[in-house]
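Here is a short set of exercises to work through with the model open in front of you. Try each task before you read its solution.

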Amino acid sequence: MDVSTPTAPILFKMRLLFPLLLAAVVAAATTGSEEEFLNQIHTLRPRHGAGGTPVQGLSCLSWRLGVEAHNVINWKTVPQECEDYVGHYMLGHQYRKDSETVVNEALVYAQSLHLGGDGKDIWVFDIDETTLSNLPYYANHGFGVEPYNSTQFNVWVDVGEAPALPESLKLYGKLLPLGLKVVFITGRPESQRNVTTNNLRKAGYHTWEKLILKSSDYTSYTAVAYKSIQRKILEKNGYRIAGNMGDQWSDILGTHVGNRTFKLPDPMYYIS
């Protein structure tokens, strides 16, 4: 036997001892203080906004996760400290990749469907931050840090220049050949029907089954209640909601939400 080769029992004992030795080394490195140890580990965690700027006292990444998971709710504006972070996220690659992940899942689901073939299978889309992007507006208004100003926002909407969200437009283009018809349900008022119609077509959404805007009858309704009622009406008219996609939880909560819902990212504002 080669004496330089440890026997199996010795190897086994070494494996048992290694974690204990490692723990002893870590304990010595932290000088016995749990707080110092946690601080040393914490330095390995990213504490920067998406643009690399340190964020003091607030993890904007964690805040955005809370928003998207619907744990942070009923907020009015993006925290001031997170303006740069949200801006870099919305204008950067991650927002596009996050949207792409949602759309890819939606497409796989849509392709698995067995449709009725009677033209009554529909896919419901929200408009703002779902099919059309208002980033040109929000880029000039702090990416949600500024309080919402309906007058200023409506001036932007009335220009009719909102671009399409690329991933949503891609999904739209692949749903139609499958035999799904598209229905838009938006919180935009009925007075913006013409500009919304023209903007959608200009952005690449050339055909749809229905474009539902919020009439004055629903002024006092929450987004959840209003959209639930509109989906119920669709179903009463014989439509089957195969999929439902929006950037706000209020787009996909409530009743008659469809067979499956998909939430696109949007940390810039919250609609209850």
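**Exercise 1. Find F153 and decide: is this residue buried or exposed?**

*Solution.*
Step 1. In this predicted model, look along helix 7, where F153 lies.
Step 2. Check the relative accessible area of F153, which is 8%.
Step 3. Buried means under 20%, so F153 is buried.
Step 4. Now see what surrounds the residue. Leaving out residues up to four places away in sequence, F153 touches D128, N134, Y137, Y138 and Y148.
Step 5. For a distance to try yourself, take F153 and H141, which are 12 residues apart along the chain. Their C-alpha atoms are separated by 9.9 Å.

**Exercise 2. Work out which residues K263 is in contact with, beyond its neighbours within four places in sequence.**

*Solution.*
Step 1. Go to strand 5, where K263 is found.
Step 2. The relative accessible area of K263 is 17%. The cut-off for buried is under 20%, so K263 counts as buried.
Step 3. Follow the side chain of K263 to the side chain of E68: a polar contact of 2.7 Å joins the two.
Step 4. The side chain of K263 also reaches a backbone oxygen, that of D247, at 2.7 Å.
Step 5. Complete the list: K263 is in contact with E68, V102, G246, D247, Q248, W249 and I252.

**Exercise 3. Describe helix 3: which of its residues are buried, and which elements do they pack against?**

*Solution.*
Step 1. Mark residues 60-68, which form helix 3.
Step 2. Pick out the buried ones: C60, W63, R64, G66, V67 and E68.
Step 3. Here a general point helps. An α-helix has 3.6 residues a turn, so residues three or four places apart point the same way.
Step 4. Look at the partners. The buried residues of helix 3 pack against helix 4 (83-91) and helix 5 (93-111), and also against helix 11 (249-252) and strand 5 (261-263).
Step 5. Finish just past the helix, at H70, whose phi is positive, near 65 degrees.

**Exercise 4. Say how many cavities of 30 Å³ or more there are, and list what lines them.**

*Solution.*
Step 1. Start from a general idea: rolling a probe the size of a water molecule over the atoms shows where empty space is left.
Step 2. The count comes to 2 cavities of 30 Å³ or more.
Step 3. The largest cavity has a volume of about 60 Å³. Its lining consists of V67, E68, D247, Q248, W249, K263, D266, Y269 and Y270. You have already met K263 and E68, joined by their polar contact.
Step 4. Sort that lining by class, and you get 4 nonpolar, 1 polar and 4 charged residues.
Step 5. The second largest cavity holds about 40 Å³ of space. Around it are V124, F125, D126, I185, K227, R231, N244, M245 and D251.
Step 6. Strand 1 (121-125), helix 10 (223-236) and strand 4 (240-246) each give at least two residues to the lining of the second largest cavity. Its classes are 4 nonpolar, 1 polar and 4 charged.

**Exercise 5. Which element gives the most residues to the lining of the largest pocket, and which to that of the second largest pocket?**

*Solution.*
Step 1. Take the largest pocket, with a volume of about 850 Å³. Of its 34 lining residues, Y138, Y148, Y269, Y270 and I271 are the closest to its centre.
Step 2. Helix 6 (135-138), helix 7 (150-159), strand 2 (181-189), helix 10 and helix 11 each supply at least two residues of this lining. Strand 2 gives the most, with 4 residues.
Step 3. By class, the lining of the largest pocket has 13 nonpolar, 12 polar and 9 charged residues.
Step 4. Move on to the second largest pocket, of about 170 Å³. Among its lining residues are M90, Y95, R96, S133 and P166.
Step 5. Helix 5 and helix 8 (166-178) each supply at least two residues there, and helix 5 has the largest share, 3 residues.
Step 6. The classes for the second largest pocket are 7 nonpolar, 3 polar and 2 charged.

Key. Residues are numbered from 1 along each chain as its sequence is written. This is a predicted model: local features need pLDDT of at least 70, side-chain atom pairs count only at pLDDT 80 or more; totals for chains, interfaces and linings use all residues. Side-chain values use heavy atoms; hydrogens and water are left out. On a 1 Å grid over the protein atoms alone, a cavity is a set of points where a 1.4 Å probe fits but cannot get out, and a pocket is an open set with protein on both sides within 12 Å along at least five of seven lines; lining residues have an atom within 4 Å of a point. Grid points are joined across faces, edges and corners, and a volume is the space filled by probe spheres set on the points. Ala, Val, Leu, Ile, Met, Phe, Trp, Tyr, Cys and Pro count as nonpolar, Asp, Glu, Lys and Arg as charged, and the others, Gly among them, as polar. Buried means under 20% relative accessible area, exposed over 50%, partly exposed in between (1.4 Å probe, protein chains only). Contact means heavy atoms within 4.5 Å. A polar contact is a pair of N or O atoms within 3.5 Å; within protein, one must be able to donate a hydrogen and the other to accept it, and residues adjacent in sequence count only if both atoms are side-chain atoms.
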